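Work through the exercises below with the sequence and the model open. Each one sets a task and then solves it step by step.

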Number of protein chains: 2
Amino acid sequence: MVTSGRRRRVTISDVASHAQVSVTAVSKVIRNATGVSPAMRDRVKTAIEELGYRPQAVARGMRGRTFTIGLMLPHIRNPFFADILDGLTAYLENTDYQAFMIQGGATRKVERRAVDALVDRQVDGIIMVAPLASKARLEEVAKEKPTVVLARHEGSAFYDSVYDDDEAGAELVVKHLIELGHRRIAHITHQDDSQAPPADLLHNIRAATYERVMREHGLADEIAIATSFYNEQGGYDGARELLGRSPRPTAIFAGADQAALGTLAAVHDMGLSVPQDVSVAGYDNIHLAALSNITLTSVDQDGAVMGRAAGKLLLERIEGRMTAVRFSVTPSLVVRGSTAPPGGSAGAPSTAVTR
Amino acid sequence: MVTSGRRRRVTISDVASHAQVSVTAVSKVIRNATGVSPAMRDRVKTAIEELGYRPQAVARGMRGRTFTIGLMLPHIRNPFFADILDGLTAYLENTDYQAFMIQGGATRKVERRAVDALVDRQVDGIIMVAPLASKARLEEVAKEKPTVVLARHEGSAFYDSVYDDDEAGAELVVKHLIELGHRRIAHITHQDDSQAPPADLLHNIRAATYERVMREHGLADEIAIATSFYNEQGGYDGARELLGRSPRPTAIFAGADQAALGTLAAVHDMGLSVPQDVSVAGYDNIHLAALSNITLTSVDQDGAVMGRAAGKLLLERIEGRMTAVRFSVTPSLVVRGSTAPPGGSAGAPSTAVTR
DNA sequence: GGAAACTTAAATAACGTTACCCATCCAGAT
DNA sequence: ATCTGGATGGGTAACGTTATTTAAGTTTCC
């Protein structure tokens with residue numbers, strides 16, 4: 001007889017009857033609650049061991065916690081997000097919580113659906129990289145669940161924020177290029193259908209900082225921005241557009257490494273070389289940037305630290321903290337071979353870190 | 001007064017009283033169950049609309065389904081996994097199910113913990129890329145939850161398998177290199193602490209196929225394998241080792257694109273060039289491989305199709321199918337500029353697809 | 001020696017949903 | 001008029017866990 005086939009899961013009452021104690025007693029032991037004698041504790045623990053019992057998060061959820069935290073990322077193609085997840089996972093390792101990732105997407109609708117899905121599953125808290133939602137929407141979520149928002153700069157009384165100091169990072173890049181002697185420095189930025197105030201979004205901050213620093217150095221007339229996307233194709237398209245202009249820029253600051261990789265390809269396709277004809281710099285310092293055949297100058301923001309911080313702040317909120325915290329990470333510039341003085345002076349590219 | 005602050009969620013009984021009907025009736029409408037009049041349906045639906053009610057997956061879970069499916073991936077740094085997730089997400093888009101991702105990791109213990117976490121959350125089904133677990137362990141999981149295993153070749157009566165025909169793919173690469181005239185073709189493979197039978201794991205299949213094809217072409221003496229890891233660092237280390245041998249190989253088949261990227265860097269570091277001094281080929285055809293400054297010859301396996309297939313098979317299993325299905329994807333070779341005849345005959349690299 | 005004060009264990013009532021069963025209603029057949 | 005039967009709506013008992021309350025011992029102290 002082939003019944004449904006799946007065997008019934010061991011429950012708390014199986015443990016209770018096996019140990020010949022009450023269900024309550026078992027629950028107390030699981031939760032490390034007070035009022036349980038050492039003898040009882042041992043008895044229950046061996047029963048749990050023998051039966052291989054693990055509590056069912058769903059049932060616990062009905063009474064409060066699911067010991068689950070939800071991480072919403074727009075997508076997983078950006079390796080920088082992997083650093084965040086690793087940092088978070090490492091932090092949660094010696095807690096009872098488990099992190100689950102859900103993919104947002106390119107539209108507000110999908111992003112919203114993803115966050116709703118987390119709330120509907122009764123996660124204990126939410127960490128999200130949500131570039132598309134309005135602040136009001138984020139606060140709405142935060143009123144329902146403890147929330148930490150990553151990579152957005154706005155503060156809110158209802159959620160914690162963890163972000164990179166993108167202004168400092170962008171400034172490092174642009175100043176570095178200026179110090180090398182570049183004047184025609186172009187920038188590739190990102191655009192989406194966000195409802196957030198522009199000033200809260202990292203790509204706008206990077207772009208605005210680029211403009212500011214250019215102006216501060218008397219280069220207002222040289223400002224050239226291509227608006228596309230922070231991915232390979234976007235970087236490729238943006239670079240082609242910028243390099244098609246006359247006079248041609250001598251340096252391109254791509255707002256993200258993914259776009260910088262596309263930029264490198266575009267430069268190559270146009271028969272130019274890096275850094276002799278064009279210097280290229282990115283942002284994020286993804287692993288690939290360090291490979292010697294790419295050797296991309298980039299801004300390092302410590303994703304693992306951000307993930308860890310987000311985890312810590314979220315658990316604090318779950319434990320009851322109601323005041324808002326903002327945590328900002330200071331980036332550093334990693335100079336590699338893709339940037340050099342303009343005009344073809346080759347020279348062996350060296351690697352150095354500036355803070 | 002600052003109470004706990006979070007507002008109570010709308011429940012099914014709120015909807016019921018608002019619509020002045022029974023809880024049962026609301027439940028029926030939600031589930032599209034029979035025995036509900038059109039009038040009732042409308043009434044309830046407007047009440048749901050007005051209150052913004054969404055069912056709580058956790059509570060539904062206690063009675064059966066959570067409408068959640070769990071995807072376990074070893075990590076998210078491999079962009080190929082992003083394709084799988086995208087395919088799966090696309091497939092689930094017009095179902096009631098939501099996919100959540102949990103990260104496995106580099107050790108069996110972590111991998112096991114991740115899968116347990118999914119089971120403990122009562123997901124309705126599990127899709128996993130689990131290279132470390134033993135087959136017995138996978139079957140144990142499959143007995144508890146509907147399961148689809150990705151990227152492993154073994155069949156099982158208890159779960160479905162979705163995998164790339166790695167033998168065909170590896171054969172395409174090695175034959176391509178041989179046809180170009182290469183004889184000293186080396187391979188970089190991967191090693192981990194898996195408990196799976198070697199023959200079930202894709203990296204072993206790729207390596208074994210490499211050896212077989214070499215032998216079949218009278219190149220048994222030229223077989224050279226470096227054992228490291230399928231990531232940038234692994235590819236770099238493996239390539240350095242292989243290129244240090246004398247005589248030096250004229251072509252390297254890295255078992256994965258991530259490793260191939262490291263290989264490209266190693267070749268560059270040793271002052272050699274691709275494809276003049278060394279041809280390099282990878283596997284996975286990640287987006288980066290197409291960039292013109294990388295232009296890596298690679299084997300394309302359609303991750304989106306695999307993700308979609310996995311989703312479809314899993315839902316079938318959830319609906320009750322008990323017989324096992326194996327779904328294999330046929331790969332194709334994408335020839336790019338990183339492979340050319342040995343001996344420095346440059347020539348404009350062309351792009352072509354062979355099936 | 002007995003009340004007060006603890007400590008320990010168990011009984012019980014939720015949490016939000018669904019599946020099963022029963023009651024009612026009305027149409028059509030006798 | 002009575003009966004049968006299908007359609008519709010609602011009552012209720014679970015699902016596995018935890019928090020609160022209650023009961024039963026066991027000390028402690030005058």
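A salt bridge is a side-chain nitrogen of Lys or Arg within 4 Å of a carboxyl oxygen of Asp or Glu. The model used here is predicted.

**Exercise 1. Decide whether A:Arg206 and A:Asp166 form a salt bridge, and state where the two residues lie.**

Step 1. The closest N and O atoms of A:Arg206 and A:Asp166 are 2.8 Å apart. The cut-off is 4 Å, so the pair counts as a salt bridge.

Step 2. A:Arg206 belongs to helix H9 (residues 202–216) of chain A, and A:Asp166 to helix H8 (residues 166–180) of chain A. The two are 40 residues apart, and the pair links distant parts of the chain.

Step 3. A:Arg206 and A:Asp166 are both buried.

Step 4. For the general background: side chains of opposite charge can pair when their charged atoms come close.

**Exercise 2. Classify A:Gln301 as buried or exposed, and describe its surroundings.**

Step 1. Find the position. A:Gln301 sits in the loop between strand S10 (298–300) and helix H12 (303–318) of chain A.

Step 2. Apply the cut-off. Buried means under 20% relative accessible area; A:Gln301 has 5% relative accessibility and therefore counts as buried.

Step 3. List the neighbours. Leaving out residues up to four places away in sequence, A:Gln301 touches A:Phe80, A:Asp164, A:Arg206, A:Tyr283, A:Asp284 and A:Met306. A:Arg206 in this list is also the salt-bridge partner of A:Asp166.

Step 4. Look for a polar contact. The side chains of A:Gln301 and A:Asp284 are joined by one of 2.8 Å.

**Exercise 3. For the salt bridges A:Arg321 with A:Glu316 and B:Glu140 with B:Arg137, state how accessible each partner is.**

Step 1. A:Arg321 and A:Glu316 meet through their side chains at 3.0 Å, N to O. A:Arg321 counts as buried because its relative accessibility is 16%, while A:Glu316, with a relative accessible area of 28%, is partly exposed.

Step 2. In chain B, the side chains of B:Glu140 and B:Arg137 meet at 3.4 Å, N to O. B:Glu140 and B:Arg137 lie in helix H7 of chain B, three residues apart, which is about one turn of the helix.

Step 3. B:Glu140 is partly exposed, its relative accessible area being 36%. B:Arg137 is buried, at 10%.

Step 4. Widen the view. B:Arg137 and B:Glu140 take part in a network of salt bridges with A:Arg9, A:Arg54, B:Asp116, B:Asp120 and B:Glu144. Over all chains the count is 46 salt bridges.

**Exercise 4. Describe how chain B meets chain A.**

Step 1. Count the residues in contact: 62 of chain B with 62 of chain A.

Step 2. Give the area. The two chains bury about 5,800 Å² between them, and 53% of it is on carbon and sulfur atoms.

Step 3. Count the pairings. There are 12 salt bridges between chain B and chain A, and 27 residue pairs are in polar contact, both residues at pLDDT 80 or more. One salt bridge joins A:Asp116 to B:Arg54, with the closest N and O atoms 3.6 Å apart.

Step 4. Name the elements. On the side of chain B that touches chain A, those supplying at least two residues include helix H4 (57–63), helix H5 (79–92) and helix H7 (135–144) of chain B. H5(B) gives the most, with eight residues.

Step 5. Sort by class. This side of chain B has 28 nonpolar, 16 polar and 18 charged residues.

**Exercise 5. Find which residues come nearest to DNA strand C, and which of its atoms the protein approaches.**

Step 1. Of the 23 residues around DNA strand C, the nearest are B:Ile12, B:Ser27, B:Arg31, B:Tyr53 and B:Arg60.

Step 2. Of the atoms of DNA strand C within 4 Å of the protein, 65% belong to sugar and phosphate.

Step 3. Check individual distances to phosphate oxygens of DNA strand C. A backbone N or O atom of B:Ile12 lies at 2.4 Å, and a backbone N or O atom of A:Ser22 at 3.1 Å. For B:Ser27, an N or O atom in the side chain is 2.9 Å away.

Step 4. Place the surface. Helix H2 (23–31) and helix H4 (57–63) of chain A, together with helix H2 (23–31) and H4 of chain B, give two or more residues each.

How values were computed:
Residues are numbered from 1 along each chain as its sequence is written. Chains are lettered from A and ligands numbered from 1 in the order in which they are written. This is a predicted model: local features need pLDDT of at least 70, side-chain atom pairs count only at pLDDT 80 or more; totals for chains, interfaces and linings use all residues. Side-chain values use heavy atoms; hydrogens and water are left out. Contact means heavy atoms within 4.5 Å. Buried area is the accessible area (1.4 Å probe) that two parts lose on being put together, summed over both. A polar contact is a pair of N or O atoms within 3.5 Å; within protein, one must be able to donate a hydrogen and the other to accept it, and residues adjacent in sequence count only if both atoms are side-chain atoms. Helices (H or I, at least four residues) and strands (E, at least two) are DSSP runs, numbered from the N terminus. Ala, Val, Leu, Ile, Met, Phe, Trp, Tyr, Cys and Pro count as nonpolar, Asp, Glu, Lys and Arg as charged, and the others, Gly among them, as polar. A residue is near a molecule or strand if one of its heavy atoms lies within 4 Å of it. Buried means under 20% relative accessible area, exposed over 50%, partly exposed in between (1.4 Å probe, protein chains only).
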